[in-house]
Structures are given as structure tokens and as C-alpha cells.
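User: Please pick one part of this model and take a close look at it. Then follow it outwards, and tell me what packs on it and how that links up with the surroundings.

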Amino acid sequence: MASKSVASAGFQKCCVCISKDFDMIHIAALRYEYDDSTLTKLDSAHVLTKEAYVLFYQKRPSTTVEAARRKAVEMISSEKIVKAHQKSQVYISSEWLLKLSTFSDPGPVTNYSFLCRHGRLLPRRVDHLSSLCTAVPADLGHYLLHKFGGGPVVSELHHCLVCDKHWRWLQEKRAVEKLRFKQLDDAIRSTLYSGSVESLYSSYLPPSLISRTWFMSWEKFVNNPCSEPPGPVDNTVLLYKAKDGTERLKPLSNFMRIERELYIFLRAIYGGGPEVFLMDDPQWTESELSEVLSEVEKKMWKSNSNMYCISQFIL
């Protein structure tokens with residue numbers, strides 16, 4: 001006879017007994033009270049009269065951290081703060097100073113919460129600078145940096161011309177992409193409503209797919225001024241290689257349908273792929289897809305002049 005015990009939070013302990021031939025399993029719910037060094041068996045009626053509670057434990061800071069805190073309190077007295085504005089001062093991350101006052105180990109000083117990789121101000125953080133960094137007396141700042149490491153030392157706050165140029169470019173990029181995507185989407189919808197579906201890829205091809213994860217990253221970029229652009233379109237996560245060597249759509253993969261015109265627009269900007277369609281058959285190879293598209297586009301151009309109206313958003 002084998003016995004296994006599983007203890008859970010609170011009073012309950014469940015004992016599972018399994019016979020040698022595994023033909024019988026006995027499960028008994030036993031309840032115990034855990035009180036430091038003592039263990040007492042209880043009945044169910046007693047347990048039901050008790051109130052639940054949760055214990056929180058806080059790790060004690062090391063003597064080094066405690067000493068640093070006391071030193072910091074001494075050095076940032078109101079009198080010295082006044083003198084600091086008259087003398088030299090350095091800037092420390094407000095987030096890190098909060099860690100110093102509350103964490104058992106605040107770790108190295110991290111001033112990159114408001115600095116760029118060039119050691120100057122992050123353009124997207126300039127408007128919130130007063131809440132991101134704190135001016136402290138220079139001797140205190142150097143003491144903390146020496147004691148905990150990290151940095152860098154910041155004695156003056158300057159805008160970064162390199163990052164500011166990149167920031168402005170990103171702002172323009174997200175605005176243009178968002179606008180052009182909406183214009184193209186509106187043009188496609190207008191074409192569908194007018195009944196001129198022959199000028200759309202969806203009339204000839206299976207629905208186009210795109211990784212939902214990637215598309216959400218792109219949406220975050222165009223809607224959030226603090227987000228970086230996504231990398232290349234990555235649809236490889238939607239496919240698997242079958243035993244016959246063909247690429248097929250992975251069951252339950254995280255994809256979303258998208259008009260092929262919109263997919264082409266995004267791929268033209270970010271690159272990547274591969275192009276994936278919603279179909280049970282194997283996905284087309286590049287050469288097969290090229291042949292299919294050649295025939296489809298001949299029909300599209302021949303059937304409707306609205307093709308030009310939509311293609312201008314893609315080219």
C-alpha cells in the first residue's frame with residue numbers, strides 16, 4: 001500500500017491511499033491546524049467556525065541598506081536641501097528613491113527611466129520630468145551611486161537632439177500609417193457597398209490572414225505615442241509543416257482575417273511574411289502564389305477601374 005499526502009493552505013490536508021494493484025483508491029479529507037511548531041487534528045465543524053486570514057511577510061533590509069537610508073535621511077534634511085539648490089546637485093530617479101525607502105534591496109540606481117541611451121532626456125518623458133527624477137545634494141547623489149552602483153551620474157538635464165529627431169519621425173510615421181490604413185479600409189468598404197467586388201482580391205482568393213499578435217503590436221504603435229514600431233510581419237507562427245512537406249494553417253492559431261489590400265499595405269512598410277490564406281489545402285508556395293496572383297490581377301484590372309482607386313493607397 002502506497003500513501004501520498006498533499007497539504008494545502010488553511011486547515012485541510014488530503015491523504016490519498018493507492019493499493020498495490022491500483023485497483024482501489026481511498027481518499028480521506030483530514031483537517032489540521034498549523035500553529036508554528038504544533039499540528040492539531042480538527043473536525044469539520046470546528047474548521048467552519050474559523051475566519052480566514054492571510055499573513056504577509058516583509059524581508060528585512062540588510063545592514064548596508066539600513067545604513068544607507070539613515071545616511072540619506074541625515075543628508076536630505078530641510079536645511080541641506082535649501083543649500084543644495086545654491087550649490088551643486090545631481091538627479092536621481094524618483095522611482096529608485098521610492099525603492100530605497102520601501103524595498104529591502106533597491107538594487108542599483110537606475111536613471112534610465114528618464115534618460116535615453118545617450119545619457120540625455122528621453123523626449124517622451126520630458127513633460128513628466130518633475131515626477132520622474134528628484135534633485136538631491138551632490139554629496140548624497142554620489143554617496144548613493146557609490147553605495148549601490150548603477151547610474152549614470154546626472155548633474156545637468158539636456159535634451160537629446162538625436163533622440164528628439166527620431167521621436168519626431170516616429171510621431172509622423174504613426175500618424176501617416178494610421179491615416180493611410182484608415183483611408184484604404186474606407187475605400188475597401190466603399191467598394192464593397194457599391195457592389196464592385198470584382199476589384200477586390202477577396203472576390204478571387206481565400207481570406208487573407210495575419211498574426212493577431214503582430215497586428216496588435218502595430219495597433220499599439222499607431223495609438224500609443226510611447227510605443228516603438230513592430231518588427232517585420234511574422235506569420236510563421238500560423239503555419240506548420242505537414243508530413244508531405246507542405247505548409248499548412250496551424251489549427252487554433254492566433255490569427256485574424258484581413259483584406260489582402262490591407263495586408264499588402266502593412267507588408268510594404270514592415271516586410272516579413274509569409275502570406276497566409278484561410279484554406280484547408282496546403283498554402284501556396286511563392287511560385288504558385290505568383291502564378292495565381294498573375295491571373296487574378298488580370299481579371300481585376302479588366303473588370304473594374306476602381307482597382308486604381310484602391311491601389312494608390314498601397315503603392
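Analyst: **A small sheet and what surrounds it**

Let's start with an open sheet of 3 strands, ordered β13-β9-β15, with antiparallel pairing; two strands count as paired if DSSP finds at least two bridges between them. The edges are taken by β13 and β15, each with a single partner strand, so one side of each has no neighbour in the sheet. Strands here are DSSP runs of E, at least two residues long, and helices are runs of H or I of at least four, all numbered from the N terminus.

A word on ground rules: this is a predicted model, where local features need pLDDT of at least 70 and side-chain atom pairs count only at pLDDT 80 or more, while totals for chains, interfaces and linings use all residues. Residues are numbered from 1 along each chain as its sequence is written, and side-chain values use heavy atoms, with hydrogens and water left out.

Back to the sheet. Strand β9 (residues 208-211) pairs with β13 through 4 bridges in the antiparallel sense, and L209 has R257 of β13 as its bridge partner. Helix α8 packs on this sheet and touches both β9 and β13, its direction making about 70 degrees with that of β9. Contact here means heavy atoms within 4.5 Å.

The loop leading into β13 has an odd residue. L252 lies between β12 (247-249) and β13 (255-258), and has a positive phi of about 60 degrees although it is not a glycine. Most residues other than glycine have a negative phi, and most peptide bonds are trans. L252 is also exposed, with a relative accessible area of 87%; exposed is over 50%, buried under 20% and partly exposed in between, with a 1.4 Å probe and protein chains only. By β15 (276-277) there is another backbone exception: P274 sits in the loop between β14 (272-273) and β15, and the peptide bond joining G273 to P274 is cis, with omega about -5 degrees.

Now for the helix on the sheet. What does α8 (residues 212-223) meet, and at what angle does it cross α7 (residues 161-194)? The axes of the two helices come within 8 Å and cross at roughly 115 degrees; these axes are lines fitted to C-alpha atoms over the stretch in contact, and angles run from 0 to 180 degrees between N-to-C directions. The crossing of α7 past α8 is left-handed, as the near helix is turned anticlockwise from the far one by less than a right angle. From α7 the contact uses L170, K173, R174, E177, K178 and F181, and from α8 it uses F215, W218, F221, V222 and N223. By class, the residues of this contact split into 6 nonpolar, 1 polar and 4 charged.

Further along α7 you'll find L184, which is buried, with a relative accessible area of 0%. L184 is 81 residues away from F265 in sequence, while their C-alpha atoms are 8.7 Å apart in space. Ahead of α7, P152 is placed in the loop between β8 (150-151) and this helix. A cis peptide bond joins G151 and P152, with omega about -5 degrees.

One step further back we reach α6 (residues 138-148), where the buried residues are A138, L140, G141, Y143, L144, L145 and F148. They pack against α2 (63-75), β5, α4 (94-102), β6 (109-110), β7 and β8. After α6 comes G149, with a positive phi near 75 degrees.

One of those partners, β5, deserves a stop. In β5, 5 of the 5 residues are buried, so the strand is largely enclosed by the rest of the structure. Both faces are covered, with Q89, Y91 and S93 buried on one side and V90 and I92 on the other. β5 is joined to β7 (residues 133-137) by 5 bridges, antiparallel, and S93 stands opposite C133. With a relative accessible area of 0%, S93 is buried; setting aside neighbours within four places in sequence, its contacts are T110, N111, S113, F114, L132 and C133.

For the wider setting, the protein chain has 11 helices and 15 strands, and buried residues make up 34% of its 315 residues. Among contacts between residues at least 6 apart in sequence, 65% join residues at least 24 apart.

Key:
Nonpolar A, V, L, I, M, F, W, Y, C, P; charged D, E, K, R; others polar.
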